[in-house]
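Reader: I've just opened this one and I'm not sure how to read it. Could you walk me through some features, one at a time?

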Amino acid sequence: MQTSSVDTVPLAGSVPHDLSIFGLFVESDAIVKVVMLILLLASFWSWAVIFDKVIRMRRLKNAASSFEESFWSGGSLDDLYERVGQRPPDPMTAVFSSAMREWRRSAAKGLLGTQIMRASLQQRIERVMSVTVGREMERVERFMAFLATVGSTAPFVGLFGTVWGIMDSFQSIAASKNTSLAVVAPGIAESLFATALGLVAAIPAVIAYNKLSNDFGRYAGRLEQFSSEFSAILSRQLDERP
C-alpha cells in the first residue's frame, strides 16, 4: 500500500501578520496609531498623577498629625506661630498661620478694645480660615479633574479607534474582494487593541479618582474641624480679655 504525501499550501490571500502588541501598533492605520498614542500618554500621565497624589496624601496626613500634636501640647500659640508661621509647610499649618496673622494684625492696630471689634475680628478670622482651607484644598486636588476626564473619555476614544480600524478593514476587503478570515482578522485585532488600551487607561483612573476623592474629602473635613476648634479657642480668649 503506497502512502501519498500532501504538501501544505498557504491559502490564497493569506498574508503573514505580526499579532504581537508591538506588531499591532506598527501595522495599524495612521488614525488608529494616533488614538493609541493618545491613550498611552493618558495612561502614563494618569499613573504619574496617581503616584504623586498617593505619596502627597500620606505626607499631608503625617504633617497634620505632627502639627496637631504640637498644637495640643499646651505650649504657647505665639511660639508655635513663630516657628511655622512665615512658611507653613502644609495646609493645616497654613490655616493656623492665617488665623494667627489676622489676630496679630488686629491686636497691633488696637482693634480689640470693644465687644463689637472683637466680634468683627472673630468673623474675619473664620472667613480667613475658610478661604485658606479652600485655597489649600484646590492645590492639593490639582490634576484630579484630569483623572476624571481620562476615566470618562478613554473608553470612547478607544472605541473610536476600533470603529475606524474596522471601517478600514472592510474597505480593504472590498478592494481586494477577499473575505478570508486571514485577511479580516489582523485588521480587527488592531482595532480591538485600541479599545483595550482605552480600558487600560480608564479603569485605573476611575478607581484612583474615587479613592483619592474620598481621602481628600476626609482631609478637608479634618481641616474644617481644626479651623472650628481653633476659632473656638480664639473666641474664648477674646471673651476673657478685659
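Reader: Let's start with serine 73: is serine 73 buried or exposed?

Author: Keep in mind that this is a predicted model. A residue counts as exposed when its relative accessible area is over 50%. Serine 73 has a relative accessibility of 55%, so serine 73 is exposed. You'll find serine 73 in the loop between helix 2 and helix 3.

Reader: Which backbone atom lies 2.7 Å from a polar atom of the side chain of serine 73?

Author: That's the backbone oxygen of serine 70.

Reader: What about the two helices on either side of that loop? How do I describe a pair like that?

Author: Two packed helices are described by the angle between their axes and the distance between the axes. Here, helix 2 covers residues 30-71 and helix 3 covers residues 77-84. Their axes cross at roughly 145 degrees and come within 10 Å. On the helix 2 side the contact is made by Phe67, Ser70 and Phe71, and on the helix 3 side by Leu77, Leu80, Arg83 and Val84. Sorted by class, that contact has 5 nonpolar residues, 1 polar and 1 charged.

Reader: Can we zoom out for a moment? How many helices and strands does the chain have?

Author: There are 7 helices and 0 strands. Of the chain's 242 residues, 36% count as buried. The accessible surface is about 14,700 Å², and carbon and sulfur atoms account for 62% of that. If you take the contacts in the chain with a separation of 6 or more, 78% come from residues 24 or more positions apart.

Reader: Now a single helix. Why does the end-to-end distance of helix 5 agree with what it should span?

Author: Count 1.5 Å a residue. Helix 5 has 26 residues (115-140), so it should span 38 Å, and its end C-alpha atoms are indeed 38 Å apart.

Reader: And which residues are buried in helix 5?

Author: Start with the general idea: an α-helix has 3.6 residues a turn, so residues three or four places apart point the same way. Now look at the buried residues of helix 5: Arg118, Leu121, Gln122, Ile125, Met129, Thr132, Val133, Glu136, Met137 and Val140.

Reader: Let me pick threonine 132 from that list. What does threonine 132 touch?

Author: Setting aside residues up to four places away in sequence, threonine 132 touches Ala94, Val95 and Ser98. With serine 98 there is a polar contact between the two side chains, at 3.2 Å. Buried means under 20% relative accessible area, and threonine 132 has 2%, so threonine 132 counts as buried.

Reader: You mentioned Val95. Where is valine 95?

Author: Valine 95 is in helix 4, and at 1% relative accessibility it is buried. Leaving out residues up to four places away, valine 95 touches Met129, Thr132, Val133, Phe226 and Ser227. Look also at phenylalanine 230: it is 135 residues from valine 95 along the chain, yet their C-alpha atoms are separated by 9.5 Å.

Reader: What about glutamate 102: buried or exposed?

Author: Glutamate 102 is buried, with a relative accessible area of 15%. Glutamate 102 belongs to helix 4, which runs over residues 91-108. Apart from neighbours within four places in sequence, glutamate 102 is in contact with Leu121, Arg124, Ile125 and Val128.

Reader: One last stop. What is phi of phenylalanine 143 near?

Author: Phi is near 75 degrees there, a positive value in a residue other than glycine. Phenylalanine 143 sits in the loop between helix 5 and helix 6 (144-176). At 37% relative accessibility, phenylalanine 143 counts as partly exposed.

Technical notes
Residues are numbered from 1 along each chain as its sequence is written. This is a predicted model: local features need pLDDT of at least 70, side-chain atom pairs count only at pLDDT 80 or more; totals for chains, interfaces and linings use all residues. Side-chain values use heavy atoms; hydrogens and water are left out. Helices (H or I, at least four residues) and strands (E, at least two) are DSSP runs, numbered from the N terminus. The expected span of a helix is 1.5 Å times one less than its number of residues. Buried means under 20% relative accessible area, exposed over 50%, partly exposed in between (1.4 Å probe, protein chains only). Axes are lines fitted to C-alpha atoms, for helices over the stretch in contact, and angles run from 0 to 180 degrees between N-to-C directions. Contact means heavy atoms within 4.5 Å. Ala, Val, Leu, Ile, Met, Phe, Trp, Tyr, Cys and Pro count as nonpolar, Asp, Glu, Lys and Arg as charged, and the others, Gly among them, as polar. A polar contact is a pair of N or O atoms within 3.5 Å; within protein, one must be able to donate a hydrogen and the other to accept it, and residues adjacent in sequence count only if both atoms are side-chain atoms. Accessible areas come from the Shrake-Rupley method with a 1.4 Å probe; for residues, only the protein chains shown count as cover.
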